[in-house]
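Student: Please take me through one part of this model closely. I would like the strand pairing, then how it sits in the whole.

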Amino acid sequence: MTRTITIDGVTRIEGHAKITIHLDESGKVCDAQFHVTQFRGFEKFVEGRPLTEMPGIMARICGICPVSHLMAAAKACDDILAVDIPPTADKLRRIMNLAQMVQSHALSFFHLSSPDLLFGMDGDPLRRNIFGLIREHPDFARDGILLRKFGQDVIALLGGKKIHPAWVVPGGVNAPLTEDKRDAILKEIPAAMARVNRALDYFHQVENRYPAEVDAFANFPTHFAGLVNPEGLLEHYDGAMKFVDHQGFPIAELGRNDQRHYGALIGEAVEKYSYLKFPYFKPQGYPAGIYRVGPLARLIVAERCGTVNADKELGVFRTRLGRAPQSSFHYHWARLIEILYGIEMIQRLLQFPDILNTHIRSRARPNRLEGVGISEAPRGTLIHHYKIDENGLIRWANLIIATGHNNLAMNLGVRQVAERFVDAEHLSEGMLNRVEAVIRCFDPCLSCSTHALGQMPLRIELCRADGEVCDVLQRD
Amino acid sequence: MSAVTSTTQSITLTIDDKAISCRSGETILQVARENNIDIPTLCYLEGLTVWGGCRLCMVEIAASPKLHAACATECTEGMTVRTTSPRLKQYRKMIVEMLFAERNHVCSVCVSNGHCELQNMATKLEIDHVRFPYRFPHLAVDNSHDYMRLDHNRCILCLRCVRVCGEIEGAHTKDVKGRGVLSAIIHDLDEPWGDSQTCTGCGKCVNVCPTGALTHRGTAVGEMTKKTEFLPYLTLMREVKL
């Protein structure tokens, strides 16, 4: 069948998605596709710009996770400058990256996903949103909003503003941490810890209500990938990229010093129905080399977290679900564990005696013509790869964003949910919501803006075997 | 004993309803600023010759139907000047909007973000959008110099750099090629800056540039600040020597 991809005028990647569901002659679902219909073009329009502008430009890719792009871009620039950044700058960057993860995970869990969990997948859409949450679960909603505020405040205290801080620069950061700011962050740690613990309690009260969703929300064997530190522990800023199979056994590792060779492990395929590329584990080819990234993948890839409370919760997680749970529904729990870890780790980093040092930037000129930066965004592993000319101007850029790694899994997940919940020629609101909810598990970067109101712009087409569209549900 | 005569005459005029006296030969802009009356400028810089290119300092003079550039118009006896009016404000906004539309001024990712005269001017003139279609020209960045950079995307052709290079440093490395919208700053005979045989690397051009067009290499977003205090000092020293 032939179809036309709709290109929307809205240019933000977090906003518009389309899903098509294809039926066979008997009315059963035979295929489903998740379309990302925006084209951003960052790889192209950075060509010709100076290297030192890259973190600032790349941060503009996203308003929710700008820090992630700052980190990956700055690390790619560090690689080109061939410098080790000062230890204090390394810690400060880590703190900002963790703060970003805390605020983004809080947004994903509380604002976007928790309405489904607290009101039910078939709950009234008029209640099933952040405002319903504020009205009926005010303490829970307040915790979510204040947890997000905690992360945003840390970013602002370090970088001068909450969104798009220009503080992370090639070679380090451009302003040291002051004692009063450090103390201001430390003062907020206990309250933030209490909030995430309350959220975990809430989650444990409601998670058992969704056995069908656990069973059908992108629940299939895939590989998992994420960064680990030299001890094999959870890592978000700088480490080896490790691939494990569906049972959690290591199958490949991209060492910290081999990151320029990521192309040996990761291939990128394209499909005509989506602007989002389809990365795959190269040794197994496309599409067999499907893998997942993000909070769940990181917890499967890592031996353990490395902080007391997060490890305790991870122990409960593994006792209940096993070493490598396959259902993407468990991303929610993994996300909460990572918030816990993020807050504990921020506290630990702030207590290092050298955290207030003023040597925070290494100066160098480009010493290589190519560099790669890999870090963990809230949604998963983020790769920035640049090539420059001899004058330090960007000649070529390749970005593999976290949402991309999960593209194959999201498509399969949408199909799995459709197969499970669609068996008639009419779509129900509950079905629409479940399709959205499986996408929300992955917290893709294309869903931030309108999703906050529980109304992610989404178009679902139900097609007969001959390609005729027999039903359409659309949210604008 | 002969009487001492002076060629400097005293002139009285009115600027924005304020009676002012000044010496002959002074421009409206100089006199206005001496009397704390603000007239916006972008190409004018104290210490450099007057260029009159940006047209932001246009003022109304009574009994004259046209507008006059305050930086290039000398005061005359009995002159009545108005520095602000709805018409002037409209023209000034239009000029700055056209500067934004002409090239690629992306403040958010510019190294001069927060320290830019063009950006400040837009704020001052309350410009919240540009009414003209952006041209989005494909312009290069000259990053060939060891420690300075020319980004044509951010250039407004105020020619401060050309003037400071020729008049203060005496090198005359910089000049302009082309006409109209295709005009561009060049080095020597349109060579990469790094290949210039005449550039002394003094950096004065970087410091007088009002935007992020001329910057130090290695600066990241928002990090470029300019030092302009040197110019009146250098000019004064030169006058004392002469």
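Tutor: In this predicted model, start at B:Ile11, whose bridge partner in S2(B) is B:Cys22. That pair belongs to a ladder of six bridges between strand S1 (residues 10–15) of chain B and strand S2 (residues 18–23) of chain B. The two strands run antiparallel. Two residues lie between S1(B) and S2(B), and the pair forms a hairpin. Look at the turn: B:Asp16 sits there with a positive phi of about 50°.

S1(B) has another pairing to follow. Strand S5 (residues 80–82) of chain B is joined to S1(B) by two bridges. Here the direction is parallel. B:Thr14 marks the place, standing opposite B:Thr80 in S5(B). So S1(B) pairs antiparallel with S2(B) and parallel with S5(B), if you take the definition of pairing as at least two bridges between strands.

Now step back to the chain. Chain B has six helices and ten strands. Contacts in chain B with a separation of 6 or more are 62% between residues 24 or more positions apart. Of its 242 residues, 36% count as buried. The C-alpha atoms fill a box of roughly 60 × 50 × 30 Å along the principal axes. The radius of gyration of chain B is 20 Å, which agrees with the value near 18 Å for a compact globule, because that value is the one for 242 residues.

Chain B also touches chain A. The contact takes 14 residues from chain B and 16 residues from chain A. On the chain B side, six are nonpolar, six are polar and two are charged.

Cross over to chain A for a helix pair. Two packed helices are described by the angle between their axes and the distance between the axes. Helix H3 (residues 66–81) of chain A packs on helix H4 (residues 87–119) of chain A at an angle of about 145°. Their axes are 8 Å apart. The crossing of H3(A) past H4(A) is left-handed. From H3(A) come A:Val67, A:Ser68 and A:Met71. They meet A:Arg93, A:Met96, A:Asn97 and A:Gln100 in H4(A). By class, the residues of this contact are three nonpolar, three polar and one charged.

To return to the hairpin: keep B:Ile11 with B:Cys22 as the marker for S1(B) against S2(B), and B:Thr14 with B:Thr80 as the marker for S5(B).

Technical notes
Residues are numbered from 1 along each chain as its sequence is written. Chains are lettered from A and ligands numbered from 1 in the order in which they are written. This is a predicted model: local features need pLDDT of at least 70, side-chain atom pairs count only at pLDDT 80 or more; totals for chains, interfaces and linings use all residues. Axes are lines fitted to C-alpha atoms, for helices over the stretch in contact, and angles run from 0 to 180 degrees between N-to-C directions. Helices (H or I, at least four residues) and strands (E, at least two) are DSSP runs, numbered from the N terminus. A crossing is left-handed if the near helix is turned anticlockwise from the far one by less than a right angle, and right-handed if clockwise. Two residues are in contact if their C-beta atoms, placed from the backbone, lie within 7 Å. Ala, Val, Leu, Ile, Met, Phe, Trp, Tyr, Cys and Pro count as nonpolar, Asp, Glu, Lys and Arg as charged, and the others, Gly among them, as polar. The radius of gyration is taken over C-alpha atoms; the globule rule is 2.2 Å times the number of residues to the power 0.38. A residue is buried if 20 or more other C-beta atoms lie within 10 Å of its own, exposed if 12 or fewer, and partly exposed in between; C-beta atoms are placed from the backbone.
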